[in-house]
Amino acid sequence: MSSTVEIQTDPTKRGHWTSSQEVRWCPGCGDYGILAAMQFLHTELGVKRENSVFISGIGCAARFPYYMNSYGMHTIHGRAPAIATGLALARPDLDVWVIGGDGDMLSIGGNHLIHALRRNVNIKILLFNNQIYGLTKGQFSPTSEVGKVTKSTPMGSIDAPFKPLGLAAGAGASFIARTHDLDRKHMMATFKRAHEHKGAALVEIYQNCNVFNDGAFDAIVKRANRDEMMIDLVHGEPILFGAEKQRGIVMHGGGATIAEVADVGLDAIAIHDEKNPDPSVAFALGQMADNRQSPTPFGVLRAVEQQEYSEAVENQLKLAKKNQGEGNLHDLLHSGATWDVE
Amino acid sequence: MTNTADRVDKTNLDQVVIRFAGDSGDGMQLTGDRFTSASALAGNDVLTLPEYPAEIRAPQGTVAGVSAFQIHISDHEIYTPGDEPDVLVAMNPAALKSQIARIKSGGTVILNIDAFDERNLTKCGYEVDPREDGSLDDYIVHEVPMTSLTVGATADIDVKKRDAERSKNLFALGLVSWMYTRSLEPTIDWVEKKFAKKPEVVAANIAALKAGHAYGETTEMFADQFEVVAAPHAPGTYTNITGNAATAWGMIAAGELAKLPIFLGSYPITPASDILHELAKHKNFGIRTFQAEDEIAAAGAAVGAAFGGHLAFTTTSGPGVALKGETISLANMAELPMVIINVQRGGPSTGLPTKTEASDLLQAVYGRHGESPLPVVAAYSPSNCFDMAIEASRIALKYRTPVILLTDGYLANGAEPWNLPDVDGLPDISVEFTTEFNAEDANGNPAFYPFLRDPETLARPWALPGTPGLEHRLGGLEKADGSGNVEYSPENHELMSRLRKAKVDGIASDIPLVEVHGTGDRDTLLVGWGSTAGSITYAQTLLEQEGTPVDRIHLTHISPFHSNLGEVLKRYKHVYVPELNMGQLVKMLRSEFLVDAKSITKMKGLPFTAREIMSGMNQHIDGVVA
Ligand code: SF4
């Protein structure tokens, strides 16, 4: 793409990635922190603005593309992964990010999410999970806990919630991670890993909706609770947590449980292997997300190498050209039985 | 058309309509296809009407499981697959039972009597064998034991009896080929290519084909042989083409003419899937075909690809368009080019999935939320699908808008000879992408305004991701005129709504005028759109022969209408609009032009016969219907 247009701002400054649009989330919303992390990350990645595209659906989170000074599209409720898939196939040269909330991605758009993950399209999906519908003013969402009292569930929700990362593992996602909106460094590191990954990446972000579901994740992500409630996953290291690293995860046939190191011994504690080809390990970790009740894994649950979709598409195009020769319209029209009339 | 039954000289026919019918497992579509191909190669004008059941394997031997293929061959130009077949080939009692009412009185009926046993007769509800109750007295009936003759002919070939029996359709084809002096060579070539990996199948099929041919030649049952000589076609190179193949090739051509890669997002649906299949075969043109998880994703992926600078398509049928509605509205709002192809079928809901209907016109023009005007074009014949796929693409690209192309099940599966266009004579439909600033922002800095329109076309600039400096966000929210920033002000929404409408309306000056077929000074006009063109043309021919000539127009562009349409309509005292729906175009014409257009409708999953159109006109004249 040639252009006479030149970039004026300093690419090492956050402002380079800030659009002229006024940010309109509620004051105190967790989305601000996520936006900042993404803008700072982009100053570090050294990528060009014109090569990044943010695609979103509908919801509070979905306003995100308007605030990034890059290409973007604010589309339809639930459809962002499908639209991003088309763009990623048409333009494998671009960095395509998908932004959406729990209602957007897991309810109305659940089908597109799982199919984008299983195809391993090269898109980076950020799932802003605040366990509530914010934009429509506070109905329970597919990640809300059973018993959640909202305007649409005055007697409490009776729907069992999705655990998004377990769902992703079930769909065969090649990259699965979790972070939260209070830790910019952790977000940046996690987004960076997603960006480096070749294929579809799903990053769940615990995001506070301070208007309709304030403090949903406080029991886990508030500074005072982090030691006991956040399980940091480090590839190749035993999965330990607690102020004294006194607890850990033990894997056993079909699941993961929390144990006291003193009871089971360090050798019984699972070593985190994000490259494990068996998705059931990531599934077991993904299922360890009982709202506010128990310690929850953070970081990269899974990062395996799989055939990336657009590359497979391009390979077929190359193969077709090799086998059939470059397409020729005249030859195509004459490819069936033809006859001449004088 | 002269009546073939009236002709004394039986050796030369000016035309014949043959209907092959059998169980859906009997290979009737293939038989019809092969006879079509041989006839087209012999230079006949050819039109076909394949009809098959909605179920892949409906219960064997039942009326529900009957698959039929009608073919009209002629030594002159023809417009329909034939009102009343002259010949029926019925492979079993169910085929006879379901088809006989359509066959011309005095016509020929060829029965595979091996299938006329007690069980098969009962299965389709015959209490008495129709060969014995006088119900076939009006027809010339030939009873041929096709299954056993086929098994006999293939006795020396190492095939299972079941496979041998399955070749009986080729026996039927051989027999009909003899009757109408069609060469077997094209079929033999085809069989050899198609089953190259199964020599025993090739041998069995060819043996059956030749046995059928020999049967005609040697038995006295078939005293007459007929010939339909070549039709006087315009000079050129011809091929036989179905509407779906022509649509797919038109899409490929559009990509070449636009110099853009093609992206097709699609989800399997009858009767549109063959377009996806055809495009998937031609990835050497750089075509990306994406079979999505659902109809919505198929349209969504096309929108994403369009944003990335591809010529984007989504192909479907009515139910799929219903699902895609919200995505089409996004493309409308974001003003991104894409082409939605609706191969219409009988509705509502699952309706008649394998039958034709033209009942999605109002859905195409009006069937979205909000004010969402978009161009709608319609193909009128199988080969015209090629031209209309290019035309839909041209409009989409030039005006940055989703465009709906309507075809239907009849066009999709029907075939006709096509005088192949010279590739170099096809229009250039390429557009330019914007690569530079086009405005100044409030602070006087150079800026890119994605909604700063071309004053003439009202099209917005199209800048692709990857273009430095032109970073911008599109979306479904209302946007400010020019800058494209989110903007909810009342004045702006009114302005943008009117601009989107004006853009589509303005396309009227960029499409051909509607052409009057006839003398232009008669007082009656027939108005058609879509696949009714052939039936209407034939009705016009018959009316002229009967001394009540009428003029005719056919709309290829329905939104916006051809710019001279109102003026043309107002010249006529009587305007009739035959449609395969309950009267959709007629509503639009009446409301748009305040003309007293009368509706002629049919909802049977089948094309009009010319006589049905004529009797529809008479009903209005007689005051039977308003
Ligand atoms: S409603 Fe909740 S999620 Fe939405 S902007 Fe406000 S605080 Fe954020």
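The paragraphs below lead through a predicted model of chains A and B, from the interface between them to the sheets and then to some unusual backbone sites. Residues are numbered from 1 along each chain as its sequence is written, while chains are lettered from A and ligands numbered from 1 in the order in which they are written. Because the model is predicted, local features need pLDDT of at least 70 and side-chain atom pairs count only at pLDDT 80 or more, whereas totals for chains, interfaces and linings use all residues, and side-chain values use heavy atoms, with hydrogens and water left out.

A good place to begin is the interface. Here 62 residues of chain A are in contact with 70 residues of chain B, contact meaning heavy atoms within 4.5 Å. The size of an interface is often given as the accessible area lost when the parts come together. Chain A and chain B bury about 5,700 Å² between them, with 64% of it on carbon and sulfur atoms; buried area is the accessible area, taken with a 1.4 Å probe, that two parts lose on being put together, summed over both. On the side of chain A, the residues that lose the most area to chain B are A:Tyr71, A:Leu333 and A:Trp339, which together account for 15% of what that side buries.

The rule finds two salt bridges across this interface, a salt bridge being a side-chain nitrogen of Lys or Arg within 4 Å of a carboxyl oxygen of Asp or Glu. A:Arg119 forms a salt bridge with B:Glu293, and the closest N and O atoms of the pair are 2.8 Å apart. The interface also holds 28 residue pairs in polar contact, both residues being at pLDDT 80 or more; a polar contact is a pair of N or O atoms within 3.5 Å, where within protein one must be able to donate a hydrogen and the other to accept it, and residues adjacent in sequence count only if both atoms are side-chain atoms.

Several elements of chain A give two or more residues to the side that touches chain B, among them α3 (80-90), α5 (110-119) and β14 (338-341); helices (H or I, at least four residues) and strands (E, at least two) are DSSP runs, numbered from the N terminus. The largest share of that side, eight residues, comes from α12(A). By class, the side of chain A that touches chain B has 25 nonpolar, 26 polar and eleven charged residues, where Ala, Val, Leu, Ile, Met, Phe, Trp, Tyr, Cys and Pro count as nonpolar, Asp, Glu, Lys and Arg as charged, and the others, Gly among them, as polar.

Strand pairing also links the two chains. β14(A) and strand β9 (residues 236-242) of chain B pair in the antiparallel sense over four bridges, two strands being paired if DSSP finds at least two bridges between them. Within this pairing, A:Thr338 has B:Thr239 in β9(B) as its bridge partner.

Within chain B, an open sheet of six strands with mixed pairing has the order β3-β4-β2-β5-β6-β7. β3 (45-51) and β7 (140-144) of chain B stand at the edges with a single partner strand each, so one side of each is left without a neighbour in the sheet. The twist averages 15° from one strand to the next; axes are lines fitted to C-alpha atoms, for helices over the stretch in contact, and angles run from 0 to 180 degrees between N-to-C directions. β3(B) pairs with strand β4 (residues 66-74) of chain B in the antiparallel sense over seven bridges, and B:Leu49 stands opposite B:Gln70 in β4(B). Helix α4 (residues 146-153) of chain B lies across β5, β6 and β7 of chain B, running at about 60° to β6(B).

Another open sheet of chain B is formed by seven strands with mixed pairing, in the order β11-β10-β12-β13-β15-β14-β22. Its edge strands are β11 (288-291) and β22 (557-559) of chain B, each of which pairs on one side only. Strand β10 (residues 262-266) of chain B runs parallel to β11(B), joined by four bridges, and B:Leu264 has B:Thr289 in β11(B) as its bridge partner.

Some backbone sites remain. A cis peptide bond, with omega about 0°, joins B:Thr270 and B:Pro271, and B:Pro271 is found in the loop between β10 and α10 of chain B. In chain A, A:Asn120 has a positive phi of about 65° although it is not a glycine, and A:Asn120 lies in the loop between α5 and β4 of chain A.
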